[in-house]
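These are my notes from going through the structure below. I wrote down what I looked up, entry by entry.

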Amino acid sequence: MTETMKPLAITLTGCAKTFADGTKALEPLDLAINAGETVVLLGPSGCGKTTTLRIIAGLEQPDAGGKVMFDGEGVTPLSIEKRNVGMVFQSYALFPNMSVAENIGYGLRLRKTPTEALRARVGEMLAMMRIEKLADRRIDQLSGGQRQRVALARALAVRPRALLLDEPLTALDAKLRDALRIEIDELLRRLGITAVYVTHDQAEAMALGDRIVVMEHGKVAQIGTPRDIYQRPATLFVADFIGTMNRVQGRVANGGFVTAAGTIPWAGAPAHITEAMFRPQDISLAEGGDAHLRGTIAAAFFLGDRTRLAVNVGGEKPLILETGTRRDFKHGETVGLRIDPHGLLSL
Amino acid sequence: MKRGPAFYAQLGFTLFVCAFLIAPVILSILAGVTVNYQSGVQSGFTLRWVYAVWDGYRDTIFLSIGISLACLAGTLILGIPAAYALAKRQNAFSRALEELLVMPVAVPGLATALALIVTYGGVGGFRTSWVFILVGHILFTLPFMVRSVLAVLSAIDLKTLEEGAASLGATFWQRFFHVVLPNCRGGILAGSLMVVTLSMGEFNMTWLLHTPLTKTLPVGLADAYASLRLEIGSAYTLVFFLMIVPLLVALQWLGQARPTKFVAEDE
């Protein structure tokens, strides 16, 4: 691949968005996206992630005072057609009146690319997305996965300064979503292009993002690498939204966290906390004295390679853990649990 | 496959309805080419009546074609942007406007024509020119163009398509001509067929708007039926068919032709 795009750094300062009906979609937001980086905007619907992407794209204008900069140069007043960013939409936005090749070549045609160069570039894009055979198909003859490949090829054909993806995999079924996610990940790394990816799927965010921006109610809840966000969530919202988080109530005493179901040894526990948090993989089943907590099985789901258990320990919600043992679990059975001290978190 | 009596009953009924509808057309056409309708087909066939129509009403035929094509151009120029604007802005105002646009269809043509005459009748050159009829026709047919284009525009995700085109660098006009127009082709074609046929056959408004020098085909037809031999009237109907059918076929054909490709098919 002969991509000579210089990756773009994107900076948002004080970008808020209030819609005409008065809804506040986005609180003033500052965000710096490094050149060549993949940043995932993650959050539930209505959190402002798509609005942020549309402000970067130039499809929305930020409220007065907000600034968008590409490589330090203000582009706030420029509309999308002047920003040279590639965009991939959830609904693909392919033109039904054009064939696959015509869709991919459309941006080049607008740039008055000579026919030979246009054909070569379209061929290159078709090959990159492995859709050469579809070149002459009409859009309505394509499957969802094929459409998204065409959309990616079309966005990349013009060598955009950055690639913006708005829930590109949401409309696809689970299996295809995984396959295409890996493909997109590979593509973004190979091209080294700056990419902003919007999704509500935390697994997708973890897999694709160099950094993840978790958003809630129009505000940034946390920015960090997937590992940061998973292992050191800044808020309860982030802790619950990314993966599964177990929470148990109690108090700190004598180098441990005392709960109704037993005491978890925790040497460095902050004195004031009333809730301890840990991930499912930090819990293991234990017998007798090795067990920190005791609870009763509320539910057991046999998943084949492992069993997912919900264990009631008298807290607000049962603890979730997974185990690889072959034994059968009965509802109401008492089990002992051991918590890995490295996995303990508090807020 | 064995077919029961129900099948034959239905087939019979269908054929009967078809015959009922087609017979008048065939009889009318026959009347136009028989020497004497009273004595029937035995009197022989002739093109005399058709020639008579051609001699007496040639101008109405050309005027009708001219008006219907001008009407088509007018409704395309006014109707497509109107439908586009209505599709882009869906609010209470645009919905009200959409309803208002249908008014000329609901109001009797005579009333519309009368209003036009009362308001603009004094404007000499305008009242006596064919443009006066054209204005009436555009008023009456515009809703059909707007409606059919709007139906197609509402069915496609116009906003995202345009955003997609814009992200590739397309300006407003490029988006409009490359993406919006080609994708509402079906609606434009349906609307065009409607407009041309309605304009060509429009009588009740035109009857009031016309002057002796701006007679359209249906007005001439009424004239012929009222004051001339039945055979001439029928021959007139035949001429009308001969004109409108090729026109509609041509429009349909134009609508289906694929746009030229800018990327070669062989890869």
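In which loop of chain A is Asn84(A) found? I located Asn84(A) in the loop between E5 and E6 of chain A. I keep in mind throughout that this is a predicted model.

**Entry 1: positive phi**

I looked up Asn84(A) because its phi caught my eye: the value is positive, about 55°, although Asn84(A) is not a glycine. I read its relative accessible area as 23%, so Asn84(A) is partly exposed. I then turned to Asp71(A), which is not a glycine either and has a positive phi of about 50°. Asp71(A) sits in the loop between strand E4 (67-70) and strand E5 (73-74) of chain A. I noted that the hairpin of E4(A) and E5(A) has two residues between the strands. With a relative accessibility of 36%, Asp71(A) counts as partly exposed.

**Entry 2: strand E4(A) and its partners**

I followed the side chains along E4(A) and found that they alternate. Val68(A) and Phe70(A) point to one face and are buried, while Lys67(A) and Met69(A) point to the other and are not. I checked the pairing next. E4(A) pairs with E5(A) in the antiparallel sense over two bridges, and Gly74(A) in E5(A) is the bridge partner of Met69(A). E4(A) also pairs with strand E1 (residues 10-18) of chain A, again antiparallel, over four bridges. There I found Thr13(A) opposite Lys67(A).

**Entry 3: the six-stranded sheet**

I traced an open sheet of six strands in chain A, in the order E6-E7-E8-E3-E9-E10, with mixed pairing. Strand E6 (86-88) and strand E10 (219-224) of chain A are at the edges; each has a single partner strand, so one side of each lacks a neighbour in the sheet. Neighbouring strands of this sheet are turned by 15° against each other on average, direction ignored. I looked at one edge in detail: E6(A) runs parallel to strand E7 (residues 162-166) of chain A, with three bridges between them. Gly86(A) has Leu163(A) in E7(A) as its bridge partner. I also saw helix H4 (residues 144-157) of chain A lying across E6 and E7 of chain A, at about 170° to E6(A).

**Entry 4: salt bridges**

I have a count of 27 salt bridges over all chains. I picked out Glu183(A) with Arg149(A), whose closest N and O atoms are 2.8 Å apart. This pair links distant parts of the chain, with Glu183(A) in helix H5 (residues 174-191) and Arg149(A) in helix H4 of chain A, 34 residues apart. Glu183(A) counts as buried at 14% relative accessibility, and Arg149(A) is buried at 17%.

Within H5 of chain A I found Asp178(A) and Arg181(A), three residues apart, about one turn of the helix. Their side chains meet in a salt bridge of 3.6 Å, N to O. Asp178(A) counts as partly exposed, at 40% relative accessibility.

**Entry 5: nonpolar patch on chain B**

I looked for a nonpolar patch on the surface and found one with about 1000 Å² of accessible area together, including Phe13(B), Leu21(B), Ile26(B) and Phe241(B). Helix H1 (5-33) and helix H13 (230-256) of chain B each supply at least two of its residues, and H1(B) gives the largest share, eight residues. Leu21(B) lies in H1 of chain B and counts as exposed, because its relative accessibility is 56%.

Conventions
Residues are numbered from 1 along each chain as its sequence is written. Chains are lettered from A and ligands numbered from 1 in the order in which they are written. This is a predicted model: local features need pLDDT of at least 70, side-chain atom pairs count only at pLDDT 80 or more; totals for chains, interfaces and linings use all residues. Side-chain values use heavy atoms; hydrogens and water are left out. Patches are made of residues with over 30% relative accessible area and no salt bridge: like charges are joined within 9 Å, nonpolar side chains (Val, Leu, Ile, Met, Phe, Trp, Tyr) within 5 Å. Accessible areas come from the Shrake-Rupley method with a 1.4 Å probe; for residues, only the protein chains shown count as cover. A salt bridge is a side-chain nitrogen of Lys or Arg within 4 Å of a carboxyl oxygen of Asp or Glu. Buried means under 20% relative accessible area, exposed over 50%, partly exposed in between (1.4 Å probe, protein chains only). Two strands pair if DSSP finds at least two bridges between them. Axes are lines fitted to C-alpha atoms, for helices over the stretch in contact, and angles run from 0 to 180 degrees between N-to-C directions. Contact means heavy atoms within 4.5 Å.
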